Amino acid sequence: MTALPMILARRAVARIGNKVTIEQAPTNPAIYQHGTGGSGSVAGSWLPLRRAGAAAREMLVSAAAQRWNVNRDTCKAQDGGVLHGARKNFLTYAN
């Protein structure tokens, strides 16, 4: 409930806290034949979560640039949102 979301959020440049909600996946053994086991979960999920967080970050930066009609390269992920440096526009991920 902490390490895995933190890995994802760090790559997405989001902050874990009151704006990020963690939901536990269903655990019906008849349907889901997996579980999480502390450090084993972190070791097995670290790379896929980093990749997913980076992909989410890139999609959010692209979406903000498109919304503002600016070049994507002038935008960057920062503090749970996207900043357009020249205009000083900031769009949080929650918007």
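Where does Met 1 lie with respect to H1? Met 1 belongs to the segment before H1, and in this predicted model Met 1 counts as exposed, with a relative accessibility of 60%. Together with Met 6, Ile 16 and Ile 22, Met 1 makes a nonpolar surface patch of about 380 Å².

**Overall architecture**

The protein chain holds two helices and three strands, and from the N terminus on these elements follow the order α-α-β-β-β. Of the 95 residues in the protein chain, 22% are buried, while the accessible surface of the chain comes to about 6900 Å², with 54% of that area belonging to carbon and sulfur atoms. Among the contacts with a separation of 6 or more, 38% are made by residues 24 or more positions apart.

**The strands and their hairpins**

Strands S1 and S2 pair in the antiparallel sense over four bridges, and Lys 76 stands opposite Leu 83 in S2. The two strands form a hairpin with two residues between them. One residue of this turn is Asp 79, which is placed in the loop between S1 and strand S2 (81–84) and has a positive phi near 50 degrees although it is a residue other than glycine. Asp 79 counts as partly exposed because its relative accessible area is 44%, a value that falls between the limits of 20% for buried and 50% for exposed residues.

S2 is also paired with strand S3 (residues 89–92), again in the antiparallel sense and over four bridges, and here His 84 stands opposite Asn 89 in S3. The hairpin formed by S2 and S3 has four residues between the strands, and Lys 88 in its turn has a positive phi of about 65 degrees. Within S2, Gly 81 and Leu 83 point one way, whereas Val 82 and His 84 point the other way, and all of these residues are buried.

A further positive phi, of about 60 degrees, is found at Val 13, which is not a glycine. Val 13 has its place in the loop between helix H1 (3–12) and H2, and with 26% relative accessibility Val 13 counts as partly exposed.

**The nonpolar core**

The largest nonpolar core has nine residues in all, namely Val 61, Ala 64, Ala 65, Trp 68, Val 70, Cys 75, Ala 77, Val 82 and Leu 91. Two or more residues of this core are given by each of helix H2 (39–68) and strand S1 (75–78), and the largest share, four residues, comes from H2. Val 82 thus appears in two descriptions, as a member of this core and as one of the buried residues of S2. Ala 65, another core member, touches Val 70, Asn 71, Arg 72 and Cys 75 when residues up to four places away in sequence are not counted.

**Salt bridges**

The count of salt bridges comes to two, and both are listed below with the separation of the nitrogen and oxygen atoms.

| Salt bridge | Distance, N to O |
|---|---|
| Arg 57 and Glu 58 | 2.9 Å |
| Arg 72 and Glu 58 | 2.0 Å |

The pair of Arg 72 and Glu 58 links distant parts of the chain, with Arg 72 in the loop between H2 and S1, Glu 58 in helix H2, and 14 residues separating them. Through shared partners, the salt bridges join Arg 57, Glu 58 and Arg 72 into one network.

Which of these residues count as buried and which as partly exposed? Arg 57 counts as buried because its relative accessibility is 17%, and the limit for that class is under 20%. Glu 58, with 32% relative accessibility, counts as partly exposed, and Arg 72, with 26%, is likewise classed as partly exposed. Arg 72 is therefore a partly exposed residue that meets Glu 58 in a salt bridge and is also among the residues touched by Ala 65 of the nonpolar core.

Technical notes:
Residues are numbered from 1 along each chain as its sequence is written. This is a predicted model: local features need pLDDT of at least 70, side-chain atom pairs count only at pLDDT 80 or more; totals for chains, interfaces and linings use all residues. Side-chain values use heavy atoms; hydrogens and water are left out. A nonpolar core is a set of buried Ala, Val, Leu, Ile, Met, Phe, Trp, Tyr and Cys residues joined through side-chain atoms within 4.5 Å. Buried means under 20% relative accessible area, exposed over 50%, partly exposed in between (1.4 Å probe, protein chains only). Contact means heavy atoms within 4.5 Å. Accessible areas come from the Shrake-Rupley method with a 1.4 Å probe; for residues, only the protein chains shown count as cover. A salt bridge is a side-chain nitrogen of Lys or Arg within 4 Å of a carboxyl oxygen of Asp or Glu. Two strands pair if DSSP finds at least two bridges between them. Patches are made of residues with over 30% relative accessible area and no salt bridge: like charges are joined within 9 Å, nonpolar side chains (Val, Leu, Ile, Met, Phe, Trp, Tyr) within 5 Å.
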